[in-house]
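Me: I would like to go through the aromatic rings and the cysteines of this protein with you, step by step. Could you take my questions in turn?

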Amino acid sequence: MAPSPIEVSVGAPRLFWAVEGSARRIYGHAGSVGGVTVHGRGIRLPIAVVNGSGEVAEFPGLIVVGRRGPEGCPPHLRYDRLEAGLGDARLPLEGAGCRVRLTAPGTEGCAVAVGGSRRTLRPGARHGFDLFVEAAVSGLWECSLDIAPGPSADEGERVCSFLVLLRGM
């Protein structure tokens, strides 16, 4: 199989935030497991998709694959939540981003397509956006961001992996 002309890059993870009611809630890091940072409630990833070829290319999109760990999690994992009022802010506050919620109640995991990531890219075109991944079921989630399988592939290519913790919801 020939290498893809599409390149996907992920910037440094940022703190996850969500607007709930009249407040913006920002969630901190929860600690680490095996030297890997655990993100509280969710993670925000800056994504860039670039067509490096001189021809139009089809990008099959991105999927987030999440698997919830066993019941309970290490007690040292805790995260802080900062709450700020919205005041007279104009809505929407979300900006140019895509949101994915991890909702599978069992440990079998789930795969969620990132809405709007599948697209046709002109030669040299770049598409950038923030991806917000949120755990909606409590537990420690092992996640990966993968390129969705194309028509000629059985499985996608892994872009990055990360951990997300949601405590007691």
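**Rings, a charge and two cysteines**

Reply: In this predicted model, the charged end of Arg 99 sits over the ring of Trp 17, at 5.5 Å from the centre of that ring. The charged end of Arg 99 also sits over the ring of Phe 132, where the distance to the centre is 4.1 Å.

Me: How many aromatic pairs does a search of the whole structure find?

Reply: A pair of aromatic rings is described by the distance of the centres and the angle of the planes. When the whole structure is searched, the number of aromatic pairs found is four.

Me: Are the rings of Phe 16 and Phe 132 stacked or edge-to-face?

Reply: The centres of the rings of Phe 16 and Phe 132 are 6.3 Å apart, and their planes stand at 70 degrees. Planes over 60 degrees apart count as edge-to-face. The pair of Phe 16 and Phe 132 is therefore edge-to-face.

Me: How many residues apart in sequence are the parts that the pair of Phe 16 and Phe 132 ties together?

Reply: Phe 16 belongs to strand E2, which covers residues 16–20, while Phe 132 belongs to strand E13, which covers residues 126–135. Because the two rings lie in these two strands, the pair ties together parts whose separation in sequence is 116 residues.

Me: Is Phe 16 buried or exposed?

Reply: A residue counts as buried when its relative accessible area is under 20%. Phe 16 has a relative accessibility of 0%, so Phe 16 counts as buried.

Me: What is the angle between the planes of Trp 17 and Phe 132?

Reply: Trp 17 and Phe 132 form an aromatic pair that is edge-to-face, with a distance of 5.3 Å centre to centre. Both of these residues are buried. The angle between their planes is 85 degrees.

Me: Which residues form one aromatic cluster?

Reply: Trp 17 lies in strand E2 and Phe 132 in strand E13, so their pair ties together parts that are 115 residues apart in sequence. These two residues belong to one aromatic cluster, which is formed by Phe 16, Trp 17, Tyr 27, Tyr 79 and Phe 132.

Me: How many disulfides does a search of the whole structure find?

Reply: A disulfide is a covalent bond between the sulfur atoms of two cysteines. Cysteine sulfur atoms must be within 2.5 Å to count as a disulfide. A search of the whole structure finds a number of disulfides equal to zero.

Me: Which cysteine has the sulfur nearest to that of Cys 110?

Reply: Cys 110 is in no disulfide, and at 17% relative accessibility Cys 110 counts as buried. The nearest cysteine sulfur is 7.8 Å away and belongs to Cys 143.

Notes
Residues are numbered from 1 along each chain as its sequence is written. This is a predicted model: local features need pLDDT of at least 70, side-chain atom pairs count only at pLDDT 80 or more; totals for chains, interfaces and linings use all residues. Side-chain values use heavy atoms; hydrogens and water are left out. Rings of Phe, Tyr and Trp (its six-membered ring) pair if their centres lie within 6.5 Å; planes under 30 degrees apart count as stacked, over 60 as edge-to-face and the rest as tilted. Helices (H or I, at least four residues) and strands (E, at least two) are DSSP runs, numbered from the N terminus. Buried means under 20% relative accessible area, exposed over 50%, partly exposed in between (1.4 Å probe, protein chains only). A charge sits over a ring if NZ of Lys or CZ of Arg is within 6 Å of the ring centre and within 35 degrees of the ring normal.
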